[in-house]
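Subject: Structure for you to look at

Hi there,

Here is the structure I promised to pass on. Please open it alongside this email, and my notes will follow below.

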Amino acid sequence: MTDPALSIVVWNVEWQLPRSRSADELRRRIYAVNPDIICLTEAYIGFLPDFGHVVASSPDYGYPIKEGRRKVLLWSREPWRDFDATGDDGMPQGRFVSARTGTPIGEIDFVGVCIPWAAAHVSTGRKDRQRWEDHLQYLTGLNRMLSDRDRRTIVAGDFNQRIPRRDAPHLVI
């Protein structure tokens with residue numbers, strides 16, 4: 001007898017429209033894994049299947065709101081509970097979703113993230129930030145929020161960092 005396993009797919013789908021040929025291929029590849037959990041970043045609400053359960057980050061991530069766009073979507077075979085789309089009050093909004101669900105290995109909290117890129121709101125969006133400012137603010141808030149958890153938690157999503165590090169401040173890594 002083998003121990004149960006958990007299958008998770010994490011993918012930045014880069015705003016592919018749900019009815020595009022690229023989206024069809026991405027979904028084919030995702031479904032081929034037969035995942036228990038899917039974490040998509042930069043996705044449209046209608047990208048994921050109608051079966052299962054979806055929770056999403058808030059639509060306002062500081063750039064113009066476009067219908068159905070979310071920085072983070074989490075999908076599960078089982079219903080989600082304890083839904084949170086805010087995280088820590090100090091985190092830039094619209095880039096976080098957290099919820100708890102049953103999995104083949106038991107109850108787990110999932111945190112979906114899309115950490116702001118280095119130049120978020122520097123020359124686009126609100127244009128009121130320095131490079132890495134929102135990124136560092138997000139990481140600080142995420143660290144505060146995660147340090148309070150006493151349950152099994154999986155963090156997945158887009159961390160917007162390069163490996164190996166290039167120009168990122170050491171605080172970021």
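What follows is a short tour of the fold, from the whole chain down to a single loop residue.

A word of caution before we start: this is a predicted model.

**The whole chain**

The protein contains 2 helices and 8 strands. Going along the sequence, they come in the pattern β-α-β-β-β-β-β-β-α-β. The radius of gyration is 16 Å, close to the 16 Å that the globule rule gives for 173 residues, so the protein is as compact as a globular protein of that length. If you prefer outer dimensions, the C-alpha trace spans about 50 × 40 × 30 Å along its principal axes.

Of the 173 residues, 45% are buried. The protein exposes about 9,600 Å², and carbon and sulfur atoms supply 50% of that area. Contacts across the sequence are worth a look too: taking those between residues at least 6 apart, 64% join residues at least 24 apart.

**The sheet with S1 to S4**

One open sheet has 4 strands in the order S1-S2-S4-S3, and its pairing is mixed. Its edges are strand S1 (8-12) and strand S3 (53-56), each of which pairs on one side only. On average, neighbouring strands in this sheet are turned by 20° against each other, direction ignored.

Inside this sheet, strand S2 (residues 37-44) and strand S4 (residues 69-76) run antiparallel and are joined by 7 bridges. If you want a spot to zoom in on, find Ile38, which stands opposite Trp75 in S4. Helix H1 (residues 21-32) lies across S1 and S2, and it runs at about 160° to S1.

**The sheet with S5 to S8**

The other set of strands also makes an open sheet of 4, here in the order S5-S6-S7-S8, with mixed pairing. Strand S5 (80-84) and strand S8 (153-158) are the edge strands, each pairing on one side only. Neighbouring strands are turned by 20° against each other on average in this sheet, direction ignored.

Strand S7 (residues 106-114) and S8 run parallel, with 6 bridges between them. Two pairs help to find the register: Phe110 has Ile154 in S8 as its bridge partner, while Gly112 is partnered by Ala156 in S8. Between these two strands the chain passes from S7 through H2 to S8, a β-α-β crossover that is right-handed. Helix H2 (residues 133-147) lies across strand S6 (96-103), S7 and S8, running at about 165° to S7.

**A loop residue to look at**

Back towards the start of the chain, Ser20 sits in the loop between S1 and H1. Is Ser20 buried or exposed? With a relative accessible area of 18%, Ser20 counts as buried, because the cut-off for buried is under 20%. Ser20 and Phe47 are 27 residues apart in sequence, and their C-alpha atoms are 9.9 Å apart in space.

That is the tour. Have a look when you get a moment, and write back with any questions.

Best wishes

Definitions and conventions:
Residues numbered from 1 in each chain as written. Predicted model: local features only at pLDDT ≥ 70, side-chain atom pairs only at ≥ 80, totals over all residues. Heavy atoms only, no water. Pairing = 2+ DSSP bridges. Axes fitted to C-alpha atoms, helices over the stretch in contact; angles between N-to-C directions. Contact = heavy atoms within 4.5 Å. Rg over C-alpha atoms; globule rule 2.2 N^0.38 Å. Buried < 20%, exposed > 50% of the residue type's maximum accessible area, 1.4 Å probe, protein only. Areas by Shrake-Rupley, 256 points an atom, 1.4 Å probe, with all protein chains shown as cover. Right-handed = clockwise from strand over helix to strand, strands pointing away.
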